[in-house]
Amino acid sequence: LYTMCRVCFYLVNSELFNEFGAQKFARIFLGGFKFDIVAIIYVNILFILSQIIPWKFKYRASYQSVVKWIFIITNSIALFANVGDAAYYKYTLKRTTSTFFAQFGEESNIVGVGLQTIVDYWYLSIFLIALIALLVFFYNRIRIVRPNTFKISTYALQSVAFVLIVGLCVIGVRGGWRHSTRPIT
């Protein structure tokens with residue numbers, strides 16, 4: 001979905017990137033995957049932690065229902081920001097950051113501006129709805145399988161997986177595992 005957002009961003013703003021050759025475009029496009037990993041981990045950290053905790057209550061239907069909505073809401077917000085950025089970029093020539101909120105924080109007609117943007121970029125609204133529909137569709141295809149028994153070995157295995165996944169998330173957020181690697185920005 002993030003790759004689809006990147007393609008959308010490029011298509012909406014392609015006239016600003018006409019000097020890019022295929023090789024440079026491919027390099028930049030592939031480099032975006034590193035940022036996607038970071039964004040996906042940040043957006044989904046609560047979801048990830050809620051799914052990897054080594055306790056059997058995580059298999060309850062009520063728990064999984066709450067976790068599902070956490071996943072859908074947080075990712076829908078991230079997709080909204082990504083798609084909205086495609087429209088916003090051509091006016092500022094930079095991606096949306098916290099300065100966006102400072103810039104529009106004093107705006108008295110922010111709702112009107114937002115509604116006008118939705119009308120002007122109606123195709124992005126349709127694209128966003130399609131992305132969220134795909135997000136829900138693919139999430140609903142996942143089945144959580146509860147172990148038949150919960151023995152000490154089950155908890156031990158899940159605890160080891162917890163530590164490994166947390167470690168991989170730290171590596172993903174940092175953009176690598178080398179000592180000199182700092183968190184990616």
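Here is a short walk through this structure, from one of its helices to its nonpolar cores and its cysteines.

The model is predicted, so local features need pLDDT of at least 70 and side-chain atom pairs count only at pLDDT 80 or more, while totals for chains, interfaces and linings use all residues. Residues are numbered from 1 along each chain as its sequence is written, and side-chain values use heavy atoms, with hydrogens and water left out.

Let us start with helix α3, which covers residues 61-92. Helices here are DSSP runs (H or I, at least four residues), numbered from the N terminus. The expected span of a helix is 1.5 Å times one less than its number of residues. For the 32 residues of α3 that comes to 46 Å, and the end C-alpha atoms are 45 Å apart, which agrees. Even so, α3 bends by about 40° at Ala-86; the bend is the angle between axes fitted to the seven residues ending there and the seven starting there. Just after the helix comes Leu-93, with a positive phi near 60°.

Ala-86 turns up again in the largest nonpolar core, which has 14 residues. Such a core is a set of buried Ala, Val, Leu, Ile, Met, Phe, Trp, Tyr and Cys residues joined through side-chain atoms within 4.5 Å, where buried means under 20% relative accessible area, with a 1.4 Å probe and protein chains only. Val-83, Ala-86 and Leu-124 have the most contacts inside this core. Two or more residues come from each of α1 (2-12), α3 and α6 (122-140), and α3 gives the most, with 5 residues. A second, separate core of 8 residues includes Phe-47, Phe-71, Leu-135 and Tyr-139.

What does Val-83 touch beyond its neighbours within four places in sequence? Counting heavy atoms within 4.5 Å as a contact, its partners are Cys-5, Leu-124, Phe-127, Leu-128 and Leu-131.

Cys-5 brings us to the cysteines. The structure holds 0 disulfides, a disulfide being a pair of cysteine sulfur atoms within 2.5 Å. Cys-5 is in none, and the nearest cysteine sulfur, that of Cys-8, is 6.7 Å away. Both residues are buried: Cys-5 has a relative accessible area of 3%, and Cys-8 has one of 11%.

One last stop is Thr-154, in helix α7 (residues 152-174). Thr-154 is buried too, with a relative accessible area of 16%. Leaving aside its neighbours within four places in sequence, Thr-154 is in contact with Pro-147 and Thr-149.

Key
Buried means under 20% relative accessible area, exposed over 50%, partly exposed in between (1.4 Å probe, protein chains only).
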